[in-house]
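Dear colleague,

I am passing on the structure we discussed, and below it I have set out what was found in it. Please read the notes with the structure open beside them.

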Amino acid sequence: MAELPCDADGMCMVCKIVPEDTQVVLCNSCASPWHMACLHPPMVEVPAGDWSCPDCEPSSAAPAAVPVSCINHMDDKNNILSQIRAVQADGSLTEQEKAQRCQSIMNRAGTKLDNDIEGKKKQKMLEIFDENLNCIFCMQLADRPVTTPCGHNFCLRCFQRWVSQGKKNCGKCRAPIPSRMASQPRINSALVVAIRMAKSSTMVPSNGPVKPYVYIQNQDRPDKCFTTERAKKSGKANAASGKIFVTVPPDHFGPITAENDPIRGQGVLVGETWEDRMECRQWGAHLPHVAGIAGQSDYGAQSVALSGGYEDDEDHGEWFLYTGSGGRDLSGNKRTNDKQSFDQKFDKSNLALKVSCKKGYPVRVVRSHKEKRSSYAPETGVRYDGVYRIEKCWRKPGIQGFKVCRYLFVRCDNEPAPWTSDQVGDRPRPLPEISELKDAIDLTERKVQPAWDWKEEEGVWGWVTSPPISRKIDENGSGHKCGSRKSLTIGQRLLKEFGCGLCKKVLSLPLSTPCGHNFCKPCLESTFSGQKDIRERVGVGGRSLRTQKVVKRCPTCQGDITELLLNPQVNRQMEDVIQSLKQRADDNSDEEKENGEEAEMREAIVVDEKAEDVGDESPRENSNRDSKPVQDSNPLEQRNGDTKLKMDSLKEEQFSKICARYPDFSEDLLRSMIVDQDGDLEELEGMLKVLQKEENKRRRKTSQVSKKCNESNGGILVVEEGEGIAPKKQKNQDE
DNA sequence: GGGCCCGCAGGG
DNA sequence: CCCTGCGGGCCC
């Protein structure tokens with residue numbers, strides 16, 4: 001059992017309680033506080049003379065000899081370490097990217113190690129980490145690690161103690177510590193991942209797979225927020241939210257679990273990070289895209305965002321003091337204003353928070369990179385940090401002199417926080433001392449048992465009284481009103497979410513464009529193959545339209561995808577998601593067949609509006625139970641098997657007309673496409689229009705290129721306006 | 001980096 | 001239907 005001191009908040013890192021002063025002994029060498037009862041052996045009385053902690057004076061038995069078996073692994077070890085160092089040193093990467101890369105390095109190491117026997121594995125992991133990712137001061141795996149530019153790691157607490165002594169240089173190499181880092185150290189999330197991985201290989205029982213620490217990259221998402229016609233002029237600044245991917249109602253309290261995540265089936269995990277508030281919203285963690293508080297004054301608050309919008313906020317990770325909203329002059333069409341101009345009151349969102357406080361509801365918390373003063377904020381993006389309870393709320397004069405509403409949030413989540421290398425989530429902890437409470441007015445504390453509480457017998461946090469009943473459940477019974485996808489089968493969803501923008505089939509070798517569209521690699525490449533480079537005039541500084549640049553444009557939105565085509569990297573994560581959905585679709589359809597419930601299942605399929613239009617003619621209505629379920633819930637399956645679709649005479653007639661309108665495509669091809677489209681002729685025609693346009697374009701280009709080449713202008717094609725490629729900016733057209 | 005401006009979403 | 005809001009892009 002590891003021996004650990006008390007943390008910055010005075011909490012013993014072994015038993016997680018804050019011992020009384022009389023139960024704490026200070027190390028004479030490093031001045032760190034230790035809980036006497038958790039020492040080995042437990043200390044009963046404070047020693048009369050000097051006492052050095054286990055870190056400063058390890059017992060003589062401590063340094064274990066490195067087993068011979070491990071020496072063989074030295075190369076691996078150096079390799080892993082150098083890879084991690086390289087990742088950490090790469091300034092071009094965001095923190096999430098660093099974390100992700102570290103994790104994959106560790107995963108590879110882990111996989112390799114899986115072949116080893118358990119003992120060797122443990123030893124190796126320990127060996128790799130004990131000397132290299134340790135805090136320079138306390139020599140333990142760094143707790144809430146911060147990393148100096150010189151590459152040395154410290155516990156946040158040790159680092160803060162060091163700089164508070166006026167030290168301005170690294171404790172290891174004496175390199176100067178930048179003043180910004182000294183005053184605002186940020187936790188190194190990549191290192192947290194690495195440390196957690198290291199710990200898990202030594203501390204987690206061998207049969208328990210380590211839950212991966214997931215970061216989601218923007219491009220891995222199927223859908224994005226969109227820009228309405230009206231809002232186009234400043235891009236995402238005025239974007240409308242994209243689809244909500246989770247099926248919880250908007251007034252759902254508490255974590256978002258796997259059942260409500262039909263896309264990934266994993267729920268929203270602590271540490272998940274999104275590019276911005278819009279994306280955070282799409283995964284349901286915090287719905288308002290400007291406001292910091294999500295809630296209703298007569299019901300409770302579901303979530304808050306810590307984004308540095310109010311200077312009174314105070315962040316200690318596991319607990320923080322939050323400031324209410326309002327008190328600001330927003331005249332002049334402003335959305336925020338850092339100047340307070342009147343007192344805040346417990347009304348609206350502030351009252352909603354107070355309700356959550358009184359009831360003890362779990363409140364989801366996201367932290368944004370825009371919070372600059374907190375060590376716990378992510379370096380980039382918006383991160384979900386789990387649920388907290390509001391233990392008290394009150395008012396006090398804020399920094400700017402006007403009264404502000406104040407809330408004490410204390411973490412109570414079953415998942416460990418993103419900044420801790422702990423393996424487990426929170427345990428009930430005593431409330432921190434809040435000095436400002438002595439000046440508080442309108443203090444409210446919870447009188448009843450909290451609705452979300454620690455369940456001793458199960459050892460988890462959960463609802464001990466029934467959670468509030470959602471007032472916003474839609475007609476379908478559950479789910480967010482924007483997220484009606486629960487009614488689609490997996491196969492339908494696959495096509496809808498992961499359909500190629502060109503062939504309209506489920507993506508294979510998906511390429512994701514920066515503009516958020518996805519195409520099969522072969523489809524996209526063939527679109528541009530045989531084309532000569534297209535050069536476009538690029539406006540620089542408004543008037544000078546002289547610069548020419550080779551540009552390739554997204555077939556869906558005309559966004560610039562030149563870079564992607566130069567280096568077409570298949571989106572492996574998306575591929576994985578598709579594979580797992582396919583697997584699930586297959587499993588489901590097997591199950592359905594076994595149960596002989598195809599007909600019932602078909603009845604239950606709620607189709608989207610377009611499919612509905614086809615109505616009774618839909619082959620879905622095929623009632624022949626003995627025949628192969630032609631139009632089952634899984635269109636994918638159909639593609640590999642029977643590609644013919646039974647259509648009634650009316651539909652067959654319409655289909656023939658379509659075939660006649662598009663002579664460039666064979667009837668066989670169209671028949672297989674209609675299967676993919678669930679028998680929806682409108683969808684088919686829509687698709688054909690796109691394909692035909694592409695085909696026409698391709699032909700035009702080919703003929704032009706050959707013409708122009710003959711005129712020997714170097715094969716450069718100048719795109720004329722109105723040829724299907726939109727000018728980059730409307731503005732430049734005005735001239 | 002700061003000011004400005006805007007659409008959108010949701011509460012009431 | 002009005003008010004509010006811990007965004008986000010652009011311009012300077």
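Contacts with the DNA strand

In this model, which is a predicted one, a polar side-chain atom of R230 lies 3.4 Å from a phosphate oxygen of DNA strand B. R281 also reaches a phosphate oxygen of DNA strand B, with a polar side-chain atom at 3.2 Å, whereas H289 places a polar side-chain atom 2.9 Å from a base nitrogen of that strand. Altogether 17 residues surround DNA strand B, and T228, Q296, S297, R335 and K472 are the closest of them. Of the atoms of DNA strand B that come within 4 Å of the protein, 62% belong to sugar and phosphate. By character, the residues of this surface divide into eight polar, five charged and four nonpolar.

Turning to the interior, the largest nonpolar core has 41 residues, and those with the most contacts inside it are V304, F320, Y322, L353, Y407 and F409. Helix 5 (residues 156-164) gives the most to this core, contributing five residues. A second core, separate from that one, has 22 residues and includes I256, V268, C280 and W452. Leaving aside residues up to four places away in sequence, F409 touches a set of residues including V304, F320, Y322 and L353, along with E318 and R389.

Finally, in helix 11 (residues 521-528) the buried residues are C523, L524, T527 and F528. These four lie on the same side of helix 11, because they cover an arc of only 125° around the axis.

With best wishes

Conventions. Residues numbered from 1 in each chain as written. Chains lettered and ligands numbered in written order. Predicted model: local features only at pLDDT ≥ 70, side-chain atom pairs only at ≥ 80, totals over all residues. Heavy atoms only, no water. Near = heavy atom within 4 Å. Polar contact = N/O pair within 3.5 Å; in protein donor to acceptor, adjacent residues only side chain to side chain. Nonpolar A, V, L, I, M, F, W, Y, C, P; charged D, E, K, R; others polar. Buried < 20%, exposed > 50% of the residue type's maximum accessible area, 1.4 Å probe, protein only. Helix = DSSP H or I, 4+ residues; strand = E, 2+ residues; numbered from the N terminus. Arc of directions from axis to C-beta. Core = buried A, V, L, I, M, F, W, Y, C linked by side-chain atoms within 4.5 Å. Contact = heavy atoms within 4.5 Å.
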